[in-house]
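Could you walk me through this structure? I'm new to it and would like a plain tour.

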Amino acid sequence: MPHTNSLSAVIATALTAAASHAQIAHFDQPTDTIRLTGNTTLGSTHTIEAFVYPTLQTPGQTGRIFAEQFDAVEDKWLIANASQTTGGHWNNSCDASRASAGPLALSQWHHIAYMRSGNTYNLFVNGVLVDQRPATCAGGNSSSSAMTIGAFRYQFQNLVHQSFIGYIDWLRVSSTARYPLTGFAAPSLEPVLDADTLILVTFNDAPGTTNPAVQGSAVTSAAVATGFNGATRPDFGAGPCDSIDFNRNDVFPEDQDVTDFFTALAGDSCPTCGDIDFNNNGVYPEDQDIIDFFNVLAGSACSTG
């Protein structure tokens with residue numbers, strides 16, 4: 001395919017570009033879960049949002065990114081599955097406290113945000129308002145609620161709602177309406193803690209982490225693979241790109257990986273190497289594979305997939 005950027009310009013861009021996202025978490029099993037200790041109190045203005053990269057669209061009541069629930073008193077959620085992208089804050093006397101749209105496109109990064117702004121429930125995808133509904137009732141809050149990122153044992157029905165499948169870069173729950181209803185530029189950087197942050201998880205954790213770092217006034221700790229029988233753990237430090245150990249010799253980072261990447265890109269044989277579709281988006285050869293290779297080599301997350 002034709003290239004619009006010279007190779008030298010692409011390399012310069014990749015080496016000088018600031019990393020917009022650091023490490024991320026990979027939820028690849030429907031039972032992957034992180035249990036959060038604490039509980040949120042949401043009022044008439046609040047936001048539940050995440051930066052995600054779906055790799056598989058799960059059916060039905062699955063695709064949980066965030067969940068907080070206690071029997072029939074409260075239910076708070078952010079979901080992306082095969083039938084819908086939705087967020088909400090429900091109580092037993094009112095089932096209208098939600099906003100929903102169609103499923104997310106696979107193998108792309110998306111910022112999704114459910115937001116109550118006074119008298120409306122709103123859902124944004126990549127800064128675009130995709131659903132708005134009248135705010136007809138107050139959501140419930142309970143000090144006995146259970147919270148998770150990923151799979152969730154729904155207490156009232158005693159069943160497991162399966163996890164979102166893909167990568168999550170960060171998740172934030174706020175006690176304010178973060179965004180204008182007219183739309184906004186989707187955040188390109190990880191958010192930082194502020195006075196309105198109830199939960200902030202940025203997944204900048206090393207591989208093998210069992211207690212990922214959490215921030216915010218409504219959360220005290222996090223633990224993987226807990227909350228129900230059969231719970232499994234997401235992986236940390238992962239990304240949708242291939243490994244920077246491009247030549248698969250278990251030595252990395254090293255100059256030879258760079259040499260072998262360009263050798264394979266030029267069409268020469270490298271029997272042990274990975275393929276040149278480094279970002280696994282199904283398009284190759286392309287400049288973005290080179291950019292993503294150098295971004296990952298520099299310690300950034302794969303930003304495009």
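Here is a short walk from the whole chain to a pocket and then to a pair of cysteines.

Keep in mind that what you see is a predicted model. Let's start with the chain as a whole. Its secondary structure comes to three helices and 17 strands. Of the 305 residues in the protein chain, 50% are buried. The contacts tell you something about how the sequence comes together: taking those between residues at least 6 apart in sequence, 65% join residues at least 24 apart. On the outside, the accessible surface of the protein chain comes to about 12,600 Å², and carbon and sulfur atoms account for 52% of that.

Now for some empty space. The second largest pocket holds about 250 Å³. Two elements, β5 (74-80) and β6 (85-90), each give two or more residues to its lining, and β5 provides the largest share, with three residues. In total, 14 residues line this pocket. If you want to find its centre, look for Gln 61, Arg 64, Asp 75, Arg 98 and Tyr 154, which are the lining residues that lie nearest to it. As for chemistry, the lining is a mix: five nonpolar residues, five polar and four charged.

Last stop: the cysteines. How many disulfides does the structure hold? There is one, and it is formed by Cys 270 and Cys 273, whose sulfur atoms sit 1.8 Å apart. Both of these cysteines are buried. The disulfide is right-handed, because the torsion about the S-S bond of Cys 270 and Cys 273 is about 45 degrees.

Terms used
Residues are numbered from 1 along each chain as its sequence is written. This is a predicted model: local features need pLDDT of at least 70, side-chain atom pairs count only at pLDDT 80 or more; totals for chains, interfaces and linings use all residues. Side-chain values use heavy atoms; hydrogens and water are left out. A disulfide is a pair of cysteine sulfur atoms within 2.5 Å. Buried means under 20% relative accessible area, exposed over 50%, partly exposed in between (1.4 Å probe, protein chains only). On a 1 Å grid over the protein atoms alone, a cavity is a set of points where a 1.4 Å probe fits but cannot get out, and a pocket is an open set with protein on both sides within 12 Å along at least five of seven lines; lining residues have an atom within 4 Å of a point. Grid points are joined across faces, edges and corners, and a volume is the space filled by probe spheres set on the points. Helices (H or I, at least four residues) and strands (E, at least two) are DSSP runs, numbered from the N terminus. Ala, Val, Leu, Ile, Met, Phe, Trp, Tyr, Cys and Pro count as nonpolar, Asp, Glu, Lys and Arg as charged, and the others, Gly among them, as polar. Contact means heavy atoms within 4.5 Å. Accessible areas come from the Shrake-Rupley method with a 1.4 Å probe; for residues, only the protein chains shown count as cover.
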